[in-house]
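Colleague: I am new to this one and would like to know what stands behind the words people use for it. Could you take me through them?

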Amino acid sequence: MQPDMIISWDQHLENGNVWKVEVELAMQGDETDEHLVYNVEVHVVAPTVELAQYIVATMYPDHEGIFVNDEPLTA
């Protein structure tokens with residue numbers, strides 16, 4: 001089976017459909033260990049900033065915080 005259309009990463013960038021989302025995740029080994037937070041940067045293909053935020057919140061349900069740039073990434 002052959003696809004009718006292939007949309008590349010570059011085309012998503014040109015169309016303004018790639019969002020940089022920063023996620024704060026908790027990390028704690030044991031109850032006595034220090035509670036640490038580390039940051040993960042995720043690039044998401046979505047038509048809107050709201051959908052990009054929703055996708056990342058679904059991927060990381062135990063997040064401490066989510067921050068999305070107001071503007072999509074550009075090439």
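Modeller: Gladly; we will go from the whole chain to the sheet, the core and a few single residues.

Modeller: Please keep in mind that this is a predicted model, where local features need pLDDT of at least 70 and side-chain atom pairs count only at pLDDT 80 or more, while totals for chains, interfaces and linings use all residues. Residues are numbered from 1 along each chain as its sequence is written, and side-chain values use heavy atoms, with hydrogens and water left out.

Colleague: Which helices and strands does the protein chain have, and how do you know where they are?

Modeller: There are 2 helices and 3 strands, and from the N terminus on they follow the order α-β-β-α-β. A helix is a DSSP run of H or I with at least four residues, a strand is a run of E with at least two, and the numbering starts from the N terminus.

Colleague: What makes the protein chain more spread out than a compact globule?

Modeller: Its radius of gyration is 16 Å, well over the 11 Å that the globule rule gives for 75 residues, so the chain is more spread out than a compact globule. That radius is taken over C-alpha atoms, and the rule is 2.2 Å times the number of residues to the power 0.38. Along the principal axes, the C-alpha atoms fill a box of roughly 55 × 35 × 20 Å. Met-5 and Glu-34 are 50 Å apart, C-alpha to C-alpha, with their positions 29 residues apart in sequence.

Colleague: How do you know which strands pair, and in what order do they form the sheet?

Modeller: Two strands pair if DSSP finds at least two bridges between them. For β1 and β2 there are 10 bridges, and for β1 and β3 there are 5, so both pairs meet the limit of at least two. The result is an open sheet in the order β2-β1-β3 with antiparallel pairing.

Colleague: Why are β2 and β3 called edge strands?

Modeller: β2 (36-45) and β3 (63-68) each pair on one side only. As for single partners across the sheet, Glu-24 stands opposite Asn-39 in β2, and Leu-25 stands opposite His-63 in β3.

Colleague: How does helix α2 lie relative to the strands?

Modeller: Helix α2 (residues 49-59) lies across β1, β2 and β3 and runs at about 160 degrees to β3. Such angles run from 0 to 180 degrees between N-to-C directions, with axes fitted as lines to C-alpha atoms, for helices over the stretch in contact.

Colleague: What makes a group of residues a nonpolar core, and which residues make up the largest one?

Modeller: A nonpolar core is a set of buried Ala, Val, Leu, Ile, Met, Phe, Trp, Tyr and Cys residues joined through side-chain atoms within 4.5 Å. The largest one here has 11 residues in all, among them Trp-19, Leu-25, Val-56 and Ile-66. β1, β2, α2 and β3 each supply at least two of its residues, and the largest share, 4 residues, comes from β1. Val-56 is in contact with Val-21, Val-23, Val-42, Val-44 and Ile-66, leaving aside neighbours within four places in sequence; contact means heavy atoms within 4.5 Å.

Colleague: Is His-12 buried or exposed, and how do you know?

Modeller: Buried means under 20% relative accessible area, exposed means over 50%, and partly exposed is in between, with a 1.4 Å probe and protein chains only. His-12 has 19%, so it is buried. This residue lies in helix α1 (residues 9-14), and it touches Ile-7, Asn-17, Val-18 and Val-45, not counting residues up to four places away in sequence.

Colleague: Why is Met-5 called exposed?

Modeller: Met-5 has 63% relative accessibility, so it counts as exposed. Its place is in the segment before α1.

Colleague: Why are Glu-22 and His-43 called partly exposed?

Modeller: Glu-22 has a relative accessible area of 32%, so it is partly exposed. Glu-22 belongs to strand β1, and its bridge partner in β3 is Phe-67. His-43 has 39%, so it is partly exposed as well. His-43 is found in strand β2, and its C-alpha atom is separated by 11 Å from that of His-12, 31 residues apart along the chain.
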